[in-house]
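Biologist: I'd like to go through the aromatic rings and the core with you. Could you show me the structure so we can talk over the labels?

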Amino acid sequence: MTTSGRKQLTIGSVNLAYDDEGAGAPPLLLLHGYTGAASDFADVTPPLAASRRVVAYDQRGHGDSTNTGDAATYTFHQLTDDLTGFVDDTLHGRDAMTIAANSAKRSGLDQLCHVAAALWVEGRAVAFAPL
């Protein structure tokens, strides 16, 4: 199944906006850090989506997702619940690869390379060519 484009999903009381590109398994879920957005990965999504499904979402209060305006709704517990609901709904219980990288000093590509290097150091097979 090939998916494409900007979409929205309601989890609890918030709408989470996300980009969904490409096809293939396992899907790759890209997670932005604090003050980021799915658009942080705009430079790496097209080459990654050439060989698999790539999903990147805006966490609550970021990008095009709902900003509740209530600091009490921005806890790590709530963000985790959002992520769990998002994965359950969009990936339907399938295995997925997840990249979570947070650095205000790195572009999306630099963040992915940093994570790939960390995986390589741990003895994982990493193909740097697509990056």
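Biologist: How many aromatic pairs does the count come to by this rule?

Modeller: The count comes to 2 aromatic pairs. Please keep in mind that this is a predicted model.

Biologist: Why is the pair of Tyr 18 and Phe 86 called edge-to-face?

Modeller: Their ring centres lie 5.0 Å apart, with 85° between the planes. Centres within 6.5 Å make a pair, and planes over 60 degrees apart count as edge-to-face, so the label fits. The pair also links distant parts of the chain: Tyr 18 sits in strand S2 (residues 14-21) and Phe 86 in helix H2 (residues 76-91), 68 residues apart.

Biologist: How do you know that Tyr 18 is buried?

Modeller: Its relative accessible area is 9%, and buried means under 20%, so Tyr 18 qualifies. Phe 86 passes by the same cut-off, because its relative accessibility is 1%.

Biologist: What makes Tyr 57 and Phe 86 a stacked pair?

Modeller: Here the centres are 4.4 Å apart and the planes differ by 20°. Stacked calls for planes under 30 degrees apart, so this pair gets that name. Tyr 57 lies in strand S4 (residues 54-57) and Phe 86 in helix H2, 29 residues apart, and this pair too links distant parts of the chain. Tyr 57 has 2% relative accessibility and therefore counts as buried.

Biologist: Which residues do the ring pairs link into a cluster?

Modeller: Tyr 18, Tyr 57 and Phe 86. These three residues also belong to the largest nonpolar core, which has 11 residues, including Leu 9, Ile 11 and Val 55.

Biologist: Which elements each supply at least two residues of this core?

Modeller: Strand S1 (6-11), S2, strand S3 (28-31), S4 and H2 do. The largest share, 3 residues, comes from S2. Another core, of 9 residues, lies apart from it, with Leu 30, Ala 38, Phe 41 and Ala 56 among them.

Biologist: What does Leu 9 touch, not counting residues up to four places away in sequence?

Modeller: Its contacts include Val 14, Leu 16, Tyr 18 and Phe 86, as well as Asp 89.

Biologist: Why is His 32 called buried?

Modeller: His 32 has a relative accessible area of 5%, and the cut-off is under 20%, so buried is the right word. This residue lies in the loop between S3 and helix H1 (45-49), and its side chain reaches the backbone oxygen of Gly 36 at 3.5 Å.

Terms used. Residues are numbered from 1 along each chain as its sequence is written. This is a predicted model: local features need pLDDT of at least 70, side-chain atom pairs count only at pLDDT 80 or more; totals for chains, interfaces and linings use all residues. Side-chain values use heavy atoms; hydrogens and water are left out. Rings of Phe, Tyr and Trp (its six-membered ring) pair if their centres lie within 6.5 Å; planes under 30 degrees apart count as stacked, over 60 as edge-to-face and the rest as tilted. Helices (H or I, at least four residues) and strands (E, at least two) are DSSP runs, numbered from the N terminus. Buried means under 20% relative accessible area, exposed over 50%, partly exposed in between (1.4 Å probe, protein chains only). A nonpolar core is a set of buried Ala, Val, Leu, Ile, Met, Phe, Trp, Tyr and Cys residues joined through side-chain atoms within 4.5 Å. Contact means heavy atoms within 4.5 Å. A polar contact is a pair of N or O atoms within 3.5 Å; within protein, one must be able to donate a hydrogen and the other to accept it, and residues adjacent in sequence count only if both atoms are side-chain atoms.
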